Amino acid sequence: MADELMIDVENLTKRYAGHTAVKDLTFSVQRGEIVGLLGRNGAGKSTTMRILSCFMPATSGTARVAGCDVFTQADDVRRRIGYMPENNPLHVDMRVREYLKFRARLKGLSLAQSRSRVDDVLEQCGLGDVSRKVIGHLSKGYRQRVGLADALVHEPELIILDEPTIGLDPNQIRAVRQLIKDLGKSHTVLISTHILSEVEMTCSRLLILDGGRLLMSDTTENVLKVIGGGQVVAEIAAPASDLKLCWEQIAEVEHYDLSPAEGDYTRCALTPRAGVDLRPVVFEHVRQRGWKLRELHQSKHSLEDIFMHLTRTDREEDEL
Amino acid sequence: MRVYITLLRRELAGFFFSMTGYVLMAATLLLLGVSFSLLLESLNADAVDVPITELFYRTQFFWLILLVVSPLITMRTFALEKHTGTYETLMTTPVSDAQVVLAKFSAVLVFYLVLWSPLLAYPWLLSRFTGDASLLNPGALGGTYLGIALFGAVFMAMGCFASALTRSQIVAAMIGLALGMALFLGSFLGSVHPPRADWQTQFYRHISMVDHLQDFCRGIVDTRAVAYYLGLTAFFLFLTLKSVESRRWK
């Protein structure tokens with residue numbers, strides 16, 4: 001049973017001089033999952049990852065990776081994880097192949113093993129063309145791939161990536177995401193980010209951190225369901241009074257907001273109740289009344305929406 | 001052992017693949033050359049009855065290399081890696097703190113010895129062009145080389161410690177310079193105080209680098225001095241290790 005858990009964190013707390021970065025954090029990750037650690041800057045994502053990768057110990061609490069304690073069995077843990085820190089630091093004066101070989105040797109691979117593994121990861125990360133180039137001369141996207149290749153080179157069971165797509169252009173982001181998705185087929189992956197759409201596409205489960213605390217831990221699907229759809233925006237040509245009456249009658253509309261748009265149209269911003277897709281409902285009503293509709297869309301969630309939602313429910317619970 | 005060698009090679013490559021290494025080598029070569037020509041000049045002037053090796057270290061350039069170049073060699077060891085962040089990737093691989101400290105120390109010591117290596121050619125140059133082999137005493141030469149190596153070990157360990165304290169190379173160099181200066185200037189405490197037959201004078205004599213080097217240059221290898229420098233080296237390496245480990249409890 002314990003073997004199934006790749007990461008097992010209990011009551012983890014990390015205090016720096018003056019402030020607490022992680023407060024009483026408890027979570028676990030199963031083998032084979034791709035888990036996203038989501039939070040704003042300073043939420044404790046990097047600190048958690050640094051503790052898991054044995055860079056520094058926690059103030060209190062325990063963390064286990066594949067059954068090994070990160071403090072007492074640090075070497076066993078380090079052999080099992082591939083860690084790419086934030087901003088992906090590399091030795092810029094080395095060539096790509098040379099760097100990866102150096103890292104492979106550090107991680108305990110024999111000369112022959114390191115040679116074949118470096119060839120494998122160069123291929124896997126699409127670095128074949130630049131393997132003889134100096135890292136300092138590579139573009140950011142390639143450097144990110146070198147960082148990923150480094151994390152993979154010793155065939156770790158767990159891959160920890162801290163903000164893997166930060167600072168990349170959209171094409172590079174897509175490539176890196178695809179790479180992470182592929183990795184998820186054979187590895188357990190923990191990635192951190194502050195961009196929701198990123199984890200939405202790659203991760204099967206989300207851990208949402210805020211102020212060093214775990215706010216929520218659920219499958220990506222459930223997280224999105226719990227918070228419900230975003231606002232539905234419809235532009236309809238109808239008298240404002242009729243529209244008001246209409247939205248008040250629909251039970252699924254929690255809140256509405258009308259504002260005049262250009263032409264005869266009125267812009268209606270409708271907040272649905274949790275978990276409801278308002279778009280078909282709105283369309284049905286428009287059709288019944290014979291109004292003209294020129295736009296209907298549901299806005300995407302941002303991380304801010306989630307935090308607003310989660311902190312609001314907390315407050316409501318407190319008040320009850 | 002494999003990790004140690006991998007790290008050592010990487011550290012040395014850092015010197016030889018970057019400008020830093022060559023700038024330092026050029027500067028040292030210049031200072032060594034100047035002190036060598038000064039030495040030849042003084043040989044041409046009046047007859048002196050001190051060994052030639054002693055004449056060599058009496059030129060200020062000798063100390064300049066030790067005091068100024070040493071912190072420049074060691075400043076990058078830890079500070080640079082902390083600054084670029086590669087320290088984090090290094091410390092999350094299965095290597096022990098002691099391996100990292102030893103590898104970095106060995107690398108700077110090797111580089112330091114490489115810097116001094118032109119010195120090995122000077123005895124040959126002297127005997128080749130003066131035609132007088134009696135100028136050179138193998139014992140005095142060996143002692144001088146040993147002294148330089150021992151001083152180097154202390155200064156390199158001190159510099160590693162300074163570098164482990166900070167993430168700025170400049171600060172590391174300044175701390176290293178201050179420590180080195182303190183150790184060197186300690187040599188003159190004995191002459192500032194009027195010599196007395198008490199323990200203070202004894203103590204000052206035992207920590208005087210200038211006195212020690214004088215002995216070494218005359219071919220006298222005093223085990224007390226050797227033990228002193230090896231001990232200092234071990235002490236500073238220990239401090240470096242503790243400083244590296246301090247991220248666990250800081």
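## Exercises on rings and charges

In this predicted model, Arg76(B) sits over the face of Phe15(B), 5.2 Å from the ring centre. Keep that contact in mind as a warm-up, then try the exercises below.

**Exercise 1.** Find which residue has its charge over the face of Tyr87(B), and at what distance from the ring centre.

*Solution.* Look above the ring of Tyr87(B): the residue there is Lys82(B), at 5.5 Å from the ring centre. A Lys counts as lying over a ring when its NZ is within 6 Å of the ring centre and within 35 degrees of the ring normal.

**Exercise 2.** Classify the ring pair Phe16(B) and Phe111(B), and work out which parts of chain B the pair ties together.

*Solution.* Start with the total: there are 16 aromatic pairs over all chains. For Phe16(B) and Phe111(B), the ring centres are 5.7 Å apart and the planes stand at 65 degrees, so this pair is edge-to-face. Next, place the residues: Phe16(B) belongs to helix H1 (residues 2–16) of chain B and Phe111(B) to helix H7 (residues 97–116) of chain B, so the pair ties together parts 95 residues apart in sequence. Finally, check accessibility: Phe16(B) is partly exposed at 28%, while Phe111(B) is buried at 0%.

**Exercise 3.** Now do the same for Phe36(B) and Tyr122(B): how are the rings arranged?

*Solution.* The ring centres lie 4.1 Å apart with planes at 20 degrees, so the pair is stacked. Phe36(B) is in helix H2 (residues 19–44) of chain B and Tyr122(B) in helix H8 (residues 121–130) of chain B, 86 residues apart. Both Phe36(B) and Tyr122(B) are buried.

**Exercise 4.** Explain why the salt bridge between Arg31(A) and Glu157(A) ties together distant stretches of sequence.

*Solution.* First the contact: the closest N and O atoms of Arg31(A) and Glu157(A) are 3.2 Å apart. Then the locations: Arg31(A) is in the loop between strand E2 (19–30) and strand E3 (34–39) of chain A, and Glu157(A) is in the loop between helix H5 (140–152) and strand E7 (158–162) of chain A, so the parts joined are 126 residues apart in sequence. As for accessibility, Arg31(A) is partly exposed at 39%, and Glu157(A) is partly exposed at 30%.

**Exercise 5.** Describe the salt bridge between Asp182(A) and Lys185(A), then name the residues of the salt-bridge network that includes Glu235(A).

*Solution.* Asp182(A) and Lys185(A) bring their closest N and O atoms to 3.3 Å. Asp182(A) is partly exposed at 33%, whereas Lys185(A) is exposed at 69%. The network links Glu235(A), Glu262(A), Arg267(A) and Arg294(A).

Key: Residues numbered from 1 in each chain as written. Chains lettered and ligands numbered in written order. Predicted model: local features only at pLDDT ≥ 70, side-chain atom pairs only at ≥ 80, totals over all residues. Heavy atoms only, no water. Phe/Tyr/Trp six-rings, centres within 6.5 Å; stacked < 30°, edge-to-face > 60°. Helix = DSSP H or I, 4+ residues; strand = E, 2+ residues; numbered from the N terminus. Buried < 20%, exposed > 50% of the residue type's maximum accessible area, 1.4 Å probe, protein only. Salt bridge = Lys/Arg side-chain N within 4 Å of Asp/Glu carboxyl O.
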